[in-house]
Amino acid sequence: MKYCELYDDKYIPGRWHVRMPRDDEEGREELFDVWRFNEGRVLNIEKPIRLSVKPTGIPIEFSHALGIPIVHRRVVALFERLGLQKEVQFIPVEVEGQTEPWFILNALQVIRCIDDARCEEVLYWLPEDNRPDKLGGYRNVRGLKVDPEKIGEAHIFRPWGWKVVLIVSEHLKRAMEDEGITGIKFLDV
């Protein structure tokens with residue numbers, strides 16, 4: 001099976017840009033731990049998450065807010081039809097100016113699958129970087145390639161060590177394209 005990085009098409013004319021988060025009653029921007037959405041685990045969210053939109057524009061069904069996927073209910077329905085609910089958590093969010101349901105797409109799997117030899121460039125954290133907490137991990141990955149044999153049956157996940165990207169199977173890519181989900185772009189990995 002083939003895999004692709006799924007990302008937000010930033011070049012759609014007139015599209016909106018969702019921002020993270022408006023976390024208090026007055027709508028002030030507050031510090032918000034967006035990294036927890038990259039950990040590959042179910043999250044217990046106690047307070048409502050409110051997202052602002054700047055600039056406002058045409059809502060798209062898949063977009064990123066600080067790298068976190070924000071999706072329309074049609075994406076949720078597609079995952080349910082495909083039987084992929086166990087691979088993701090959909091966390092309800094309130095999007096400024098919207099009455100329809102929107103969600104954070106939280107991928108629940110992190111898979112050690114980066115094929116270092118096939119990537120364009122792989123840099124690791126070294127002792128001289130003075131980051132003992134990151135030592136030996138990926139510092140940068142350009143031209144990401146994955147080893148399909150290490151992925152198993154997963155259809156959506158983040159690669160271990162480089163969790164800033166979201167990877168989908170060719171099967172899920174085709175389903176999203178066939179469904180006409182707006183805002184999606186894919187890059188073969």
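Author: A residue counts as buried when its relative accessible area is under 20%. Keep that cut-off handy, since this is a predicted model and we'll go through its labels one by one.

Reader: Okay, why does Phe-103 count as buried?

Author: Its relative accessibility is 15%. The limit is under 20%, so Phe-103 makes it into the buried group.

Reader: How many aromatic pairs does the structure hold?

Author: There are six of them. One is Trp-16 with Trp-102, whose ring centres are 4.9 Å apart, with 55 degrees between the planes.

Reader: What makes that pair of Trp-16 and Trp-102 tilted?

Author: Centres within 6.5 Å make a pair, and tilted is what remains when the planes are neither under 30 degrees apart nor over 60. At 4.9 Å and 55 degrees, Trp-16 and Trp-102 pass on both counts, so tilted is the word. The pair also links distant parts of the chain, 86 residues apart: Trp-16 is in the loop between β1 and β2, Trp-102 in strand β7.

Reader: Are those two buried or exposed, and how do you know?

Author: Buried means under 20%. Trp-16 has 1% relative accessibility, so it is buried; Trp-102 has 3%, so it is buried too.

Reader: Why is the pair of Phe-90 and Phe-103 called edge-to-face?

Author: Planes over 60 degrees apart get that name. Here the planes are at 75 degrees and the centres 6.3 Å apart, so Phe-90 and Phe-103 are an edge-to-face pair. Phe-90 belongs to strand β6 and Phe-103 to β7, so parts 13 residues apart in sequence are tied together. Ring pairs also bring in Phe-79, giving a cluster of Phe-79, Phe-90 and Phe-103.

Reader: Which ring does Arg-112 lie over?

Author: Arg-112 lies over the face of Trp-160, 3.7 Å from the ring centre. Likewise, the charged end of Arg-139 sits over the ring of Trp-125, at 4.6 Å from its centre.

Reader: How do helices α1 and α2 pack?

Author: Their angle is about 130 degrees and their axes are 11 Å apart. Angles over 145 count as roughly antiparallel and 65 to 115 as roughly perpendicular, with under 35 being roughly parallel. None of these fits, so α1 is oblique to α2. The crossing is right-handed. Among the residues that meet are Leu-78 and Phe-79 in α1, and Leu-172 and Met-176 in α2.

Reader: What about Asp-115: why is it called buried?

Author: Its relative accessible area is 18%. With the limit at under 20%, Asp-115 therefore counts as buried. Asp-115 is found in the loop between β8 and β9. Beyond neighbours within four places in sequence, Asp-115 contacts Lys-145, Val-146 and Asp-147.

Conventions
Residues numbered from 1 in each chain as written. Predicted model: local features only at pLDDT ≥ 70, side-chain atom pairs only at ≥ 80, totals over all residues. Heavy atoms only, no water. Helix = DSSP H or I, 4+ residues; strand = E, 2+ residues; numbered from the N terminus. Buried < 20%, exposed > 50% of the residue type's maximum accessible area, 1.4 Å probe, protein only. Lys NZ or Arg CZ within 6 Å of the ring centre and 35° of its normal. Axes fitted to C-alpha atoms, helices over the stretch in contact; angles between N-to-C directions. Left-handed = near helix turned anticlockwise from the far one by under 90°. Contact = heavy atoms within 4.5 Å.
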